Amino acid sequence: MTVVIGFEGSANKIGVGIIRDGQVLSNPRRTYITPPGQGFLPGETAKHHRSVILTVLQEALDEAGLKAADIDCVAYTKGPGMGAPLVTVAIVARTVAQLWGKPLLGVNHCIGHIEMGRLITNSQNPTVLYVSGGNTQVIAYSERRYRIFGETIDIAVGNCLDRFARVIKISNDPSPGYNIEQMAKKGTKYIELPYTVKGMDVSFSGILSYIEDAAHKLLSTSQCTPEDLCFSLQETVFAMLVEITERAMAHCGSQEVLIVGGVGCNLRLQEMMGVMCKERGARLFATDESFCIDNGAMIAQAGWEMFRSGHVTELSDSWITQRYRTDEVEVTWRD
């Protein structure tokens with residue numbers, strides 16, 4: 001049996017997870033939460049990660065009932081993500097691997113999400129919608145690569161939602177996206193917003209600029225409520241995502257959709273995608289917040305797959321990169 005420990009810390013979540021042959025043994029994490037109206041800066045996020053990472057590591061080992069000797073490989077997020085937090089996690093992973101005398105493995109964050117989603121849902125060969133604060137991609141596997149069929153041409157959908165939350169001072173606890181989702185359930189009036197799909201790609205920066213400007217005018221004149229704006233923004237951006245996912249499915253002849261990434265927890269997105277899948281006679285797969293949101297187990301699972309197929313990262317190559325495309329990785333563990 002192969003046991004892999006994974007370290008994740010590419011954004012405001014810090015997590016350590018342990019996987020043994022497809023079984024999640026432990027997966028503790030912490031979140032760096034800032035006051036309403038503020039985002040999280042790389043330096044301050046890294047400082048948070050440094051303050052808790054050893055505690056989270058010990059929790060992971062204790063929860064799994066394992067010791068250092070039981071671990072076969074140490075996996076960490078190589079990228080993409082925010083520079084300072086990535087460096088913090090990579091340094092700890094390097095140190096642990098050397099102290100324990102274990103092989104090291106740098107993992108692509110996006111592939112971590114995909115492999116965790118495949119493990120948890122048992123989906124076979126899905127079209128993947130990967131939606132988070134830093135990434136928005138429609139992906140399908142072909143010829144030893146996760147190919148990107150469509151993506152955002154500017155900001156990620158999660159970043160669009162997070163930045164709108166700052167405009168109307170929505171709390172960041174537990175996350176701005178979750179709080180927008182709850183407020184959207186109370187929205188009753190749809191405000192028309194720009195709908196920007198360009199072929200297989202999407203754009204969110206114009207929508208954000210428009211709603212930032214419109215929010216102050218509409219709210220100050222009582223033409224709508226904050227809940228109406230949350231509802232309208234969600235409906236618009238999610239419709240765009242469903243459209244490009246359906247187009248990718250048609251192109252690939254796929255009958256499965258897997259939603260991964262932090263925004264993938266959103267039940268309204270899952271509901272809208274479910275309607276499309278039902279109309280096509282396809283199946284929808286999604287996970288809950290324990291695996292959708294950044295976590296250490298997903299890095300451990302991708303690391304497990306990679307390690308078993310012969311991948312190892314030499315210490316001299318164990319750097320991080322803020323830009324690391326999903327399709328840069330050769331997928332040697334799938335047919």
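## Notes on the annotated sites and their surroundings

1. A good place to start is Val131, which is buried, with a relative accessible area of 0%; buried here means under 20% relative accessible area, exposed over 50% and partly exposed in between, with a 1.4 Å probe and protein chains only. Please keep in mind that this is a predicted model, where local features need pLDDT of at least 70, side-chain atom pairs count only at pLDDT 80 or more, and totals for chains, interfaces and linings use all residues. Residues are numbered from 1 along each chain as its sequence is written, and side-chain values use heavy atoms, with hydrogens and water left out.

2. Val131 belongs to strand β7 (residues 127-131). Helices (H or I, at least four residues) and strands (E, at least two) are DSSP runs, numbered from the N terminus. Not counting residues up to four places away in sequence, Val131 touches Thr136, Val157, Leu241, Ile259, Val260, Gly261, Gly262, Val263, Gly264 and Leu269, where contact means heavy atoms within 4.5 Å.

3. Val131 also appears in a UniProt record. An unreviewed entry lists Tyr130, Val131, Ser132, Gly133, Gly134, Asp162, Gly177, Glu181 and Asn266 under "binding site". UniProt positions are given in the numbering used here, feature names are shortened, and annotations may be inferred rather than shown by experiment.

4. Glu181, from that list, sits in helix α5 (residues 176-184). Is Glu181 buried or exposed? Its relative accessibility is 7%, so Glu181 counts as buried. Leaving aside neighbours within four places in sequence, the contacts of Glu181 are Gln234, Asn266, Leu267 and Arg268; Asn266 is itself listed by UniProt with Glu181.

5. Staying with α5, its buried residues are Pro176, Asn179, Ile180, Glu181, Met183 and Ala184. Which helices do they pack against? The partners are α4, α7 and α8 (267-280).

6. The pairing of α5 with α4 (residues 157-167) deserves a look: the two axes come within 9 Å and cross at roughly 75 degrees. Axes are lines fitted to C-alpha atoms, for helices over the stretch in contact, and angles run from 0 to 180 degrees between N-to-C directions. That crossing makes α4 roughly perpendicular to α5, on a scale where angles under 35 degrees count as roughly parallel, over 145 as roughly antiparallel, 65 to 115 as roughly perpendicular and the rest as oblique. Leu161, Asp162, Phe164 and Ala165 of α4 make the contact with Pro176, Gly177 and Ile180 of α5. Asp162 and Gly177 are among the UniProt positions in point 3.

7. Helix α7 (residues 226-252) has 27 residues and reaches 39 Å from its first C-alpha to its last, close to the 39 Å expected at 1.5 Å a residue; the expected span is 1.5 Å times one less than the number of residues. Just after α7, Gly253 adopts a positive phi of about 65 degrees.

8. UniProt, again in an unreviewed entry, lists His109, His113, Tyr130 and Asp294 for "binding site". Although spread over 186 residues of sequence, they cluster in space, with a largest C-alpha distance of 12.0 Å.

9. His109 lies in helix α3 (residues 109-121) and counts as buried at 3% relative accessibility. What does the side chain of His109 meet in a polar contact? One partner is the side chain of Glu8, at 3.0 Å. A polar contact is a pair of N or O atoms within 3.5 Å; within protein, one must be able to donate a hydrogen and the other to accept it, and residues adjacent in sequence count only if both atoms are side-chain atoms.

10. Asp294 is placed in the loop between α9 (289-292) and α10 (296-308), and at 12% relative accessibility it counts as buried. A polar contact of 3.2 Å joins the side chains of Asp294 and His109. Beyond four places in sequence, Asp294 is in contact with residues including Glu8, Lys13, Arg29 and His113.

11. Finally, Gln137 in strand β8 (residues 136-142) is buried, with a relative accessible area of 6%. The side chain of Gln137 makes a polar contact of 2.7 Å with the side chain of Thr326.
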